[in-house]
Amino acid sequence: MPAEKAHAHTHEGRGPEDGTGRRHGGPDPAHGSADHRHGPGGHAREADRSTLLIVIGLTGAFMVAELVGGILASSLALLADAAHMLTDVGALALSLFAIRFARRPATTDKTYGYLRAEILAALLNGAVLIVLSVFIFLEAWDRFQEPVEVRGGLMLAVATGGLAVNIIAAVMLHRSAGESLNVRGAYLPVLGDLLGSVGAIPAAIIILATGWFPADPIISVFVGALILWSSYKLVRESVDVLLEAVPSHLDLEEIRASIQRIPGVAAVHDLHVWTVTSGYFAMSGHAVVEDVERTQDVLTAIHDRMHDEFGISHVTVQVEPRAIYQIDLEERAE
């Protein structure tokens with residue numbers, strides 16, 4: 001190869017290699033993307049989707065029951081826990097949403113398909129819940145100033161039912177959460193909601209035993225804090241994805257060092273790593289090679305290392321001979 005740049009776009013190898021050594025299976029806007037159909041959520045089995053649907057039904061139904069119970073019992077803790085269950089329903093729905101949309105093919109104008117729709121929905125969900133948590137804090141403050149009589153018996157019954165529903169949901173999601181990052185994102189909020197139900201039960205018992213109504217807003221503040229924290233993390237992670245920040249579990253310099261340890265690679269520059277959507281990561285960069293005859297070997301090695309060590313399946317690498325790289329450095333210096 002003369003002193004020119006070689007560009008290769010490699011993806012998770014799901015098809016045979018052609019004569020050039022490039023692997024097929026990457027995005028094809030005209031015919032759909034194999035990566036998108038089998039990307040985030042693509043490995044989730046039909047059983048996972050069925051489980052999500054059942055848990056959404058259980059959680060959503062009890063969320064309504066808890067909302068009604070909170071109004072009838074005048075319990076802010078139950079209303080706050082109902083709001084927290086809303087975060088569970090949103091997380092579960094987003095997981096199901098991701099599984100379905102991850103299978104939709106790319107188009108000529110949406111080359112990644114609809115994968116980012118999940119992130120936009122998560123951002124909106126998180127922003128709404130932050131506003132909701134602020135409302136809970138304000139209402140709790142008012143109730144500290146002027147305590148409201150709470151029906152402890154009804155509060156205890158509803159809180160106990162909520163605990164039971166959350167335990168069932170957590171058990172149903174536990175197995176899939178260990179196999180799918182997407183489902184795990186729905187599993188963790190359900191575990192967090194267990195704390196809200198656990199907190200409402202002793203508050204109801206205190207009210208029944210002593211008639212001390214401030215126990216209700218105290219617990220609601222605790223639940224509101226859980227909502228605020230989970231919502232803040234959801235918004236922060238969504239914004240990071242939209243800004244194409246390096247995924248929090250990956251280290252850019254570690255990736256650079258890993259590529260440079262590949263035989264034949266002299267240098268790495270213009271390296272970028274980002275999240276396309278939950279659990280689906282992409283990388284692009286320039287690799288300087290010593291021997292242009294080994295270009296395909298280097299590309300294959302980079303792809304395999306990114307996939308095996310870092311879980312990055314969408315890899316784009318531009319290969320440059322050392323001579324061209326030196327010329328570029330000299331031009332930049334001038």
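Arg-143 counts as buried, at 10% relative accessibility. In this predicted model, Arg-143 pairs with Glu-139 in a salt bridge, with the closest N and O atoms 3.4 Å apart. The structure holds four salt bridges. Two separate nonpolar cores also feature, one with 24 residues and a second with 22.

**Salt bridges in α4**

- Glu-139 and Arg-143 both sit in helix α4, four residues apart, or about one turn of the helix.
- An α-helix has 3.6 residues a turn, so residues three or four places apart point the same way.
- Glu-139 is partly exposed, because its relative accessible area is 23%, above the 20% under which a residue is buried.
- Arg-143 falls on the other side of that cut-off, since its 10% is under 20%.
- Asp-216 joins Glu-139 and Arg-143 in a network of salt bridges.

**Salt bridges in α8 and α9**

- Arg-256 forms a salt bridge with Glu-253, and the closest N and O atoms are 3.2 Å apart.
- Both residues belong to helix α8 (residues 252-260), where a spacing of three residues separates them by about one helical turn.
- Glu-253 is partly exposed, with a relative accessibility of 47%.
- In helix α9, Arg-305 and Glu-309 are four residues apart, so about one helical turn separates them.
- Their side chains meet in a salt bridge at 3.8 Å, N to O.
- Arg-305 is partly exposed at 24% relative accessibility.
- Glu-309 is also partly exposed, at 47%.

**Ser-133, a buried polar residue**

- Ser-133 is found in helix α4, which covers residues 116-145.
- Its relative accessibility is 0%, so Ser-133 counts as buried.
- The Ser-133 side chain reaches the backbone oxygen of Ile-130 at 2.7 Å.
- Beyond residues up to four places away in sequence, Ser-133 touches Gly-224, Ile-227 and Leu-228.

**The nonpolar cores**

- In the largest nonpolar core, of 24 residues, Met-155 and Ile-227 touch the most other members.
- Six helices each give two or more residues to this core: α2 (46-73), α3 (76-101), α4, α5 (152-177), α6 (181-210) and α7 (215-242).
- The most comes from α3, which gives six residues.
- A second, separate core has 22 residues, among them Ile-262, Val-268, Ala-287 and Val-317.
- In soluble globular proteins, nonpolar side chains tend to be buried together.
- Which residues does Ile-227 contact, leaving aside its neighbours within four places in sequence? They are Ala-80, Ala-83, His-84, Thr-87, Leu-129, Ser-133 and Ile-136.

**Helix α9**

- Helix α9 spans residues 295-310, which makes 16 residues.
- From first C-alpha to last, α9 reaches 22 Å, close to the 22 Å expected at 1.5 Å a residue.
- The buried residues of α9 are Thr-295, Val-298, Leu-299, Ile-302, His-303, Met-306 and Phe-310.
- Seen down the helix axis, these buried residues fall within an arc of 130°, so they line one face of α9.
- Gly-311, just after α9, takes a positive phi of about 70°.

Definitions and conventions. Residues are numbered from 1 along each chain as its sequence is written. This is a predicted model: local features need pLDDT of at least 70, side-chain atom pairs count only at pLDDT 80 or more; totals for chains, interfaces and linings use all residues. Side-chain values use heavy atoms; hydrogens and water are left out. Buried means under 20% relative accessible area, exposed over 50%, partly exposed in between (1.4 Å probe, protein chains only). A polar contact is a pair of N or O atoms within 3.5 Å; within protein, one must be able to donate a hydrogen and the other to accept it, and residues adjacent in sequence count only if both atoms are side-chain atoms. Contact means heavy atoms within 4.5 Å. A nonpolar core is a set of buried Ala, Val, Leu, Ile, Met, Phe, Trp, Tyr and Cys residues joined through side-chain atoms within 4.5 Å. The expected span of a helix is 1.5 Å times one less than its number of residues. The arc is that of the directions from the helix axis to the C-beta atoms.
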